[in-house]
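Look at the sequence and the structure together. This report goes from whole domains down to single residues.

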Amino acid sequence: VRFPEDLEDENTTFNPEYSHQVFGDDEVAFGYKGLKILLYYMAGNLSALFRIEYTAKVNETFDCVEADDVESKIREIIPPGFCTNTDDFVSLLEKEVNFKPFGMLLHTYSIHNEETGEDITYQIYKADMTCPGFREYHERLQTFLMWFIETASFIDVDDERWNYFLVFEKYNKDGATLFATVGYMTVYNYYVYPDKTRPRVSQMLILPPFQGEGHGAQLLETVHRYYMSSPTVLDITAEDPSENYVKLRDFVLVKLCQDLLCFSPVKLMQGFSQEMVTEAQQKLKINKQHTRRVYEILRLRATNMGDTEQSRNYRLDIKRRLIGPYKKKQRDLAKMRRCLRPEEMTNQLNQIDLNTQREQLEESFQQLVSHYRRVLERLAQA
């Protein structure tokens with residue numbers, strides 16, 4: 001909500017992707033007819049208005065059942081201090097002009113808005129719990145995780161090893177410059193013996209009204225550039241990354257790596273090398289596993305897939321990596337031969353069909369190449 005009229009504007013409304021962490025695996029609130037759970041957030045400081053509406057509700061005289069206590073369930077995840085009255089919320093909205101982003105400005109960028117025909121400015125900040133008011137703001141911000149990240153949990157904000165990166169949109173209201181929350185990322189700094197740290201991305205969320213506009217890539221690249229400048233950082237990883245995060249990371253890392261000398265077309269065609277691992281790790285804080293994916297994507301760009309020999313070499317290079325788990329299975333079988341009875345060995349062999357393995361390997365290769373092509377298409381448009 002930026003303006004009072006936004007309260008009645010359905011275009012500013014978005015629905016949760018998940019509610020199982022609040023309402024159970026069935027995602028059901030029992031005992032109501034026409035139930036609406038309404039949560040309004042101010043665009044900047046995220047002060048909330050919480051309302052429940054329904055046309056009918058069961059009571060204990062009806063088949064001795066009781067309606068779910070929806071209000072208590074919501075109160076468990078949104079911090080105290082929210083409004084329950086619209087007039088109170090609207091009067092608080094006037095104070096949004098006083099809201100300013102927390103922490104240190106890292107990056108400013110613009111995105112062209114097709115509807116207005118104007119360029120909109122966004123800024124990325126790094127904050128921590130020493131910033132006045134940030135602890136309370138973060139309590140309100142993290143409530144979105146419960147609705148948009150499937151396995152979300154609230155973090156221990158008293159642990160000083162957390163870093164917070166925030167994206168804001170700058171907009172004008174009655175001649176004043178205001179800020180709207182776009183999204184954020186939390187990063188935990190793990191210790192690596194003897195004197196390094198390994199930042200691990202824990203949570204990342206771009207709010208639904210801003211998704212698909214490129215903010216995730218801007219945020220991840222900014223975070224990488226922030227840690228790249230630190231001599232004590234070994235590399236950057238992610239905790240249990242989602243499929244969408246992996247796609248985003250591939251794009252950002254390829255964009256960062258494509259100008260390194262070790263990824264020149266000539267060197268790409270010579271195969272994956274230790275030089276690539278070393279340069280990507282030292283200059284960009286990228287680990288070996290992610291460097292290998294960057295190599296495969298950039299080699300695809302350098303390969304003429306219409307050329308039989310180039311195409312075959314590329315396919316073999318990727319499949320040699322993909323076949324790793326199958327080779328491990330073969331090694332495990334060799335060990336089994338030494339300790340299993342013949343009939344038990346036959347059962348194990350029946351489970352491993354070589355033709356099936358080849359089909360799975362080819363399918364994995366085609367899926368990977370399809371994903372890599374999408375990354376390259378996005379890169380060409382960037």
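Helices and strands here are DSSP runs, numbered from the N terminus; a helix needs at least four residues and a strand at least two. With that naming, Pro194 can be placed in the loop between strand 8 and strand 9. The model is predicted.

## Two domains

The domain assignment splits the protein in two. Domain 1 covers 4-96, and domain 2 covers 100-301. Their C-alpha centres are 31 Å apart. Domain 1 brings 23 residues to the contact, and domain 2 brings 22 residues.

How much area is buried between domain 1 and domain 2? The value is about 2,000 Å². Carbon and sulfur atoms give 66% of that area. The size of an interface is often given as the accessible area lost when the parts come together.

## What holds the interface

Salt bridges first. The rule finds zero of them across the interface of domain 1 and domain 2. Polar contacts come next. Between domain 1 and domain 2 there are seven residue pairs in polar contact, with both residues at pLDDT 80 or more.

Now take the side of domain 1 that touches domain 2. Helix 1 (20-23) and strand 2 (36-41) each supply at least two residues to this side. Helix 1 gives the most, with four residues. By class, this side of domain 1 has 14 nonpolar, seven polar and two charged residues.

## The six-stranded sheet

One sheet is open and has six strands. Read across the sheet, the order is 5-6-7-8-9-10, and the pairing is mixed. Which strands stand at the edges? They are strand 5 (104-113) and strand 10 (237-238). Each has a single partner strand, so one side of each is left without a neighbour in the sheet.

Both senses of pairing can be seen around strand 9. Strand 8 (residues 176-192) and strand 9 (residues 196-206) run antiparallel and are joined by ten bridges. Strand 9 and strand 10 run parallel, with two bridges between them. Arg200 is a good residue to follow. Its bridge partner is Tyr188, and Arg200 also stands opposite Thr237 in strand 10. Elsewhere in strand 9, Arg198 stands opposite Tyr190. In a regular strand the side chains alternate between the two faces of the sheet.

## A hairpin with a cis bond

Strand 8 and strand 9 form a hairpin, with three residues between them. Find Pro194 in the loop between strand 8 and strand 9. The peptide bond that joins Tyr193 and Pro194 is cis, and omega is about 0 degrees.

## A second hairpin

Go back to domain 1, which covers 4-96. Strand 2 and strand 3 pair in the antiparallel sense over six bridges. One facing pair is Tyr40 and Leu49, with Leu49 in strand 3.

Strand 2 and strand 3 make a hairpin with six residues between the strands. Where is Leu46 found? Leu46 sits in the loop between strand 2 and strand 3 (48-53). Check the backbone there. Phi of Leu46 is near 65 degrees, a positive value in a residue other than glycine.

## Salt bridges and a long link

How many salt bridges does the structure hold? The count is 18. One of them pairs the side chains of Arg2 and Glu169, at 2.8 Å from N to O. Arg2 lies in the segment before helix 1, whereas Glu169 is in strand 7 (residues 162-173), so this pair ties together parts that are 167 residues apart in sequence.

Methods:
Residues are numbered from 1 along each chain as its sequence is written. This is a predicted model: local features need pLDDT of at least 70, side-chain atom pairs count only at pLDDT 80 or more; totals for chains, interfaces and linings use all residues. Side-chain values use heavy atoms; hydrogens and water are left out. Domain bounds come from an automatic or database domain assignment. Contact means heavy atoms within 4.5 Å. Buried area is the accessible area (1.4 Å probe) that two parts lose on being put together, summed over both. A salt bridge is a side-chain nitrogen of Lys or Arg within 4 Å of a carboxyl oxygen of Asp or Glu. A polar contact is a pair of N or O atoms within 3.5 Å; within protein, one must be able to donate a hydrogen and the other to accept it, and residues adjacent in sequence count only if both atoms are side-chain atoms. Ala, Val, Leu, Ile, Met, Phe, Trp, Tyr, Cys and Pro count as nonpolar, Asp, Glu, Lys and Arg as charged, and the others, Gly among them, as polar. Two strands pair if DSSP finds at least two bridges between them.
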